[in-house]
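These are my notebook entries on a single structure. I set down what I looked up, topic by topic.

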Amino acid sequence: MAKKRPQTKAKRPQITDGEIPVVGAREPCPCGSGRRYKACHGRAAAHAATELVHRPFEGLPGECDWVALRELVPAATVGLTLKDGLPEGVPAVTLATVLPMAWPALRRDDGSVMLGLQNDTSSGDISRDLADILQRALEAEPGTPVQGRRAPADGPRLQDLLDPKGAFEPEVHSGFEFWVPDPENATPEVTASLERANAAAIPTVKLQGVDAAYWCETPEKNHLRWVMPHPEEQLLDALARLHAAGRSSLGEGTRLVGSFRAHGLTVPVWDLPSGVTAEDVEKPAAEFAERLAAALTTDAPLTADERRARGGLTNRQVTLS
């Protein structure tokens with residue numbers, strides 16, 4: 001029998017971690033290790049894709065409003081300011097709660113970009129996913145939507161792309177007509193999507209006297225949902241103190257009924273009689289903000305009544321994200 005020739009292994013080029021592309025889980029890892037991607041560098045990529053970022057909008061101007069527009073407000077838009085300015089051919093970048101056909105983003109015919117906020121994302125970091133979509137929308141051909149994908153684990157986040165000093169001033173709309181600058185030329189699919197969205201939209205108004213508080217109207221009663229930036233435990237203690245003292249309402253017939261958890265922030269919720277409008281609750285909300293500010297400075301142990309009030313509030317807490 002002929003002797004087997006000794007095999008020599010060719011020296012593979014070295015690739016740094018930051019240069020390794022994403023491939024199929026069962027394919028050989030591009031780093032040259034000889035292992036499958038899922039057992040090599042894909043393991044870190046999968047971990048990065050599933051690791052939940054507790055407060056994805058932390059550090060952005062208007063964090064509380066980001067949370068509200070993501071979870072609570074049907075139709076709203078906000079102009080975004082990019083850290084490096086607008087690229088040539090892009091006259092504006094606008095954040096929208098929802099886009100037609102649930103598109104993640106849209107490069108309009110005039111070159112402007114609209115970024116959808118209320119879309120499913122592929123990883124545990126909404127900020128990184130949105131930044132990836134935004135970057136691709138800025139480079140897309142005018143008149144085309146941008147689809148979602150798994151963002152690179154080392155890609156930028158919104159905090160890297162947006163100007164930290166830029167204003168974040170949501171404009172709440174009664175419907176989704178902002179989708180269609182030229183209704184006569186809208187496609188049948190977009191027109192149908194617009195009609196469905198308008199039919200499902202809950203009337204919502206942003207209060208002017210306090211930050212990130214949104215009134216909404218439902219068939220049986222109205223509500224005020226107020227996204228607050230304070231640490232959860234401190235906020236719940238303060239709310240419990242006010243609730244036990246009978247000072248947590250926003251006027252006759254209103255009551256604090258619980259709260260949401262959303263993206264690392266707490267959102268107290270009040271039930272309002274159906275006749276109470278957003279304008280009616282402006283002054284009571286401003287007065288409540290003063291009472292809450294005082295209660296937040298108190299660090300004395302909770303009394304028995306306050307502990308019971310806190311337990312009730314905690315039991316009526318719902319996590320949205």
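**Entry 1: Second largest pocket**

I sorted the lining of the second largest pocket by class and obtained 9 nonpolar, 3 polar and 4 charged residues. For this I counted Ala, Val, Leu, Ile, Met, Phe, Trp, Tyr, Cys and Pro as nonpolar, Asp, Glu, Lys and Arg as charged, and the others, Gly among them, as polar. I note that the model is predicted: local features need pLDDT of at least 70, side-chain atom pairs count only at pLDDT 80 or more, and totals for chains, interfaces and linings use all residues. Residues are numbered from 1 along each chain as its sequence is written, and side-chain values use heavy atoms, with hydrogens and water left out.

The volume of the second largest pocket is about 390 Å³. Of its 16 lining residues, L106, D109, W179, P181 and A186 are the closest to the centre. The search ran on a 1 Å grid over the protein atoms alone; a pocket is an open set of points with protein on both sides within 12 Å along at least five of seven lines, a cavity is a set where a 1.4 Å probe fits but cannot get out, and lining residues have an atom within 4 Å of a point. Grid points are joined across faces, edges and corners, and a volume is the space filled by probe spheres set on the points.

**Entry 2: Cavities**

I searched the whole structure for cavities of 30 Å³ or more and found 2. The largest holds about 70 Å³ of space. Its lining consists of P61, W66, G79, L80, T81, L162, D163, G166, A167 and F168, that is, 6 nonpolar, 3 polar and 1 charged residues. The second largest cavity has a volume of about 30 Å³ and is lined by P74, A75, H173, S174, A201, I202, P203 and T204. I counted 5 nonpolar and 3 polar residues in that lining, and no charged ones.

**Entry 3: Aromatic pairs**

I paired rings of Phe, Tyr and Trp (its six-membered ring) if their centres lie within 6.5 Å, calling planes under 30 degrees apart stacked, over 60 edge-to-face and the rest tilted. By this rule there are 7 aromatic pairs. One of them, F176 with W179, is tilted, at 5.0 Å centre to centre and 45 degrees between the planes. F176 and W179 are both buried, where buried means under 20% relative accessible area, exposed over 50% and partly exposed in between (1.4 Å probe, protein chains only).

The ring centres of W270 and F288 are 5.1 Å apart and the planes stand at 80 degrees, so I recorded this pair as edge-to-face. The pair links distant parts of the chain, 18 residues apart: W270 belongs to strand β11 (residues 265–272) and F288 to helix α7 (residues 278–296). Both W270 and F288 are buried. I also found F57, W66 and F168 linked into a cluster by ring pairs.

**Entry 4: Helix α2**

Helices (H or I, at least four residues) and strands (E, at least two) are DSSP runs, numbered from the N terminus. Helix α2 (residues 63–71) has 8 of its 9 residues buried, so it is largely enclosed by the rest of the structure. I listed its buried residues as E63, C64, D65, W66, V67, A68, L69 and R70.

**Entry 5: The six-stranded sheet**

I traced an open sheet of 6 strands in the order β7-β8-β9-β11-β10-β12, with mixed pairing; two strands pair if DSSP finds at least two bridges between them. The edge strands are β7 (204–206) and β12 (317–319), each with a single partner, so one side of each has no neighbour in the sheet.

Strand β9 (residues 222–226) pairs with β11 in the antiparallel sense over 4 bridges, and L224 has W270 of β11 as its bridge partner. β10 and β11 also run antiparallel, joined by 7 bridges, with A262 opposite L265. These two strands form a hairpin with 2 residues between them, and H263 in the turn has a positive phi of about 55 degrees. On β10 I further noted 3 bridges to β12, which runs parallel to it; F260 has V318 of β12 as its bridge partner. Strand β10 (residues 255–262) is mostly covered, with 6 of its 8 residues buried.
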